[in-house]
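User: I am new to reading protein models. Can we go through the terms one at a time, with the reason behind each?

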Amino acid sequence: MARITLDLIRKRSEHNEGEISTLEEIALHQENIEKIELIDRTCKDLRILLLQHNLIAKIENLSRLKRLEYLNLALNNIEAIENLEGLESLKKLDLTVNFIGDLRGIDKLRCNENLEQLFLMGNPCADYDGYREYVIATLMQLKELDGTVIERSERIKALQACARIEGEIIRSYGRYKETRKAEILAHGRSQTEITEVESEDEEEENEQFWQRTSHHTPEERVAIAERCQRREERRNRENNQRNVAPTYEPKLFSAEGKPYNTNQAKVPFKLIDENHSVVLEITVYKCVRLEIIHFTRVWSRYLDTQYVDVDVQPEYVRVTIKGKILQLTLPCEVSVDNSTAKRNTTNGKLVITMPRLKPLPVIKARVTNSNEKLSKMKRSREMEQKLGTTMRQYLEIGPATDLDFSRIVGRRKPDREVEPSFGRRDTESISRQEDFADDMDVPPLE
């Protein structure tokens, strides 16, 4: 069964923007509430409170509602009028269709001087002879009873017959008490018969419950409500199972048994391959919390270690973070026994150190002393001095003076004038013969 909680009150106070302290009207009907609680401490400014059609068995925890004017408790399991003296502003009280048998309890309503309307129809006491006259004579402040206006003459007649009517009311209540005891015994026997059915045969048990004769009693109303609630929960559970998608299970190994790389947790990580070990750094989730102390402050802390599980194998490492897997294939075989997993106290990262099973050989670089460098430089200078030249001198080719290229090509001498009767070829051959000089040192052409 349901209880009155802050979430329920806030849900039903949407018309007041979810503000509870200034709430003046709230409707908590049809919620299967069994007990009145929390309302008088959180909603002290209430003027209208609607609690009809629930399973409330007792009027309680309402004395602090000094401004309450209308209280509706119709269709509940109330058997006595009580604990209403503190409602100073109460004008209308609705107790329709309950199980009030002792009509003398209305004497406690004399303290509610502002009470003008009272509804008691549907209760066992409303069937007593002289019921209306007794109520009118007892509560002088009433103006309406069960929706009917009380006339002045009717009140006078009720006051005159009050002594006689009171005895009849007491005798009627005695008969109702005997009937009520029989109803309680009958309910107990029926419940025993139902529980004798084997618990695994739930369908047969439900069928037997719904086929038997039920009575209008508080116990029957509670039993029916519980059955309906269980049936609704079972139906919702079946619907959820039908609509829930299959959960994803990551594939961790191939058919040959080779481990796969997977990051189901979706966390940042860094795999460092060193000479002697392989180091895995993982940034785990953060837990963020919001606190309001005079101002809004947000602080975060890293995930607790109890939600992290580390499994180191020779060829792979698996880290499970809140049920989600991060698996990585290692670049070499590691030593499982010597592996360690620690949390970094500064940034909260998970550091897994896995020593290599076979460390790599360390190749040391040759270190040259400064004296050796100086001796090499000295020897190179001595060689330069012996040769007498430098690299710059080798590159400087030719004389040091600047060369004059303007006289390389000389001027051409003009040809001699010849008579016009000769052609061009004859003129050239004559000029060549005149310029020819026989040099004895030159050998003849063969």
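User: What makes the link between the side chains of Thr96 and Asp94 a polar contact?

Analyst: First, a caution: this is a predicted model. The side chains of Thr96 and Asp94 come to 2.5 Å. The cut-off is 3.5 Å between N or O atoms, so this pair qualifies as a polar contact.

User: Where is Thr96?

Analyst: Thr96 sits in the loop between strand E4 (92-94) and strand E5 (117-119).

User: Why is Thr96 called buried?

Analyst: Its relative accessible area is 16%. Buried means under 20%, so Thr96 counts as buried.

User: Which residues does Thr96 touch, leaving aside neighbours within four places in sequence?

Analyst: Thr96 is in contact with Ala74, Leu75, Phe119, Met121 and Asn123.

User: What makes Arg47 and Glu69 a salt bridge?

Analyst: Their side chains meet at 3.3 Å, N to O. The limit is 4 Å between a Lys or Arg nitrogen and an Asp or Glu carboxyl oxygen, so the pair passes. This pair links distant parts of the chain, 22 residues apart. Arg47 is in the loop between helix H2 (39-42) and strand E2 (48-50). Glu69 is in the loop between E2 and strand E3 (70-72).

User: Are Arg47 and Glu69 buried, exposed or partly exposed, and why?

Analyst: Arg47 has 31% relative accessibility. Glu69 has 28%. Partly exposed lies between 20% and 50%, so both residues belong there.

User: How do you know that Arg171 and Glu168 form a salt bridge?

Analyst: The closest N and O atoms are 3.0 Å apart. That is within 4 Å, so the rule is met. Both residues lie in helix H5 (residues 162-195). They are 3 residues apart, about one turn of the helix. Arg171 is partly exposed because its relative accessibility is 48%, and exposed means over 50%.

User: What makes Asp273 and Arg356 a salt bridge?

Analyst: The N to O distance is 2.4 Å. The limit is 4 Å, so this pair counts too. Here the partners are 83 residues apart and link distant parts of the chain. Asp273 is in strand E9 (residues 269-273). Arg356 is in the loop between strand E17 (350-355) and helix H8 (370-387).

User: Why is Arg356 called buried and Asp273 partly exposed?

Analyst: Arg356 has a relative accessible area of 11%, under the 20% cut-off, so it is buried. Asp273 has 44%, which falls between 20% and 50%, so it is partly exposed.

User: How many salt bridges does the rule give?

Analyst: The count comes to 17. Some share partners: Glu79, Arg180, Glu183 and Glu219 are joined into one network.

User: How do you know that E16 and E17 pair?

Analyst: They are joined by 4 bridges. Pairing needs at least two, so E16 and E17 pair. They run antiparallel. In one of the bridges, Ala341 has Ile352 in E17 as its partner.

User: What makes E9 and E16 edge strands?

Analyst: The open sheet has 4 strands in the order E9-E10-E17-E16, with antiparallel pairing. E9 and E16 (340-343) each pair on one side only. Neighbouring strands are turned by 15° against each other on average, direction ignored.

User: How do you know that E13 and E14 pair?

Analyst: Strand E13 (residues 308-312) and strand E14 (residues 316-321) share 5 bridges. The threshold is at least two, so they pair. They run antiparallel, and a hairpin joins them through 3 residues. Asp311 has Arg318 in E14 as its bridge partner.

Notes. Residues are numbered from 1 along each chain as its sequence is written. This is a predicted model: local features need pLDDT of at least 70, side-chain atom pairs count only at pLDDT 80 or more; totals for chains, interfaces and linings use all residues. Side-chain values use heavy atoms; hydrogens and water are left out. Buried means under 20% relative accessible area, exposed over 50%, partly exposed in between (1.4 Å probe, protein chains only). A polar contact is a pair of N or O atoms within 3.5 Å; within protein, one must be able to donate a hydrogen and the other to accept it, and residues adjacent in sequence count only if both atoms are side-chain atoms. Contact means heavy atoms within 4.5 Å. Axes are lines fitted to C-alpha atoms, for helices over the stretch in contact, and angles run from 0 to 180 degrees between N-to-C directions.
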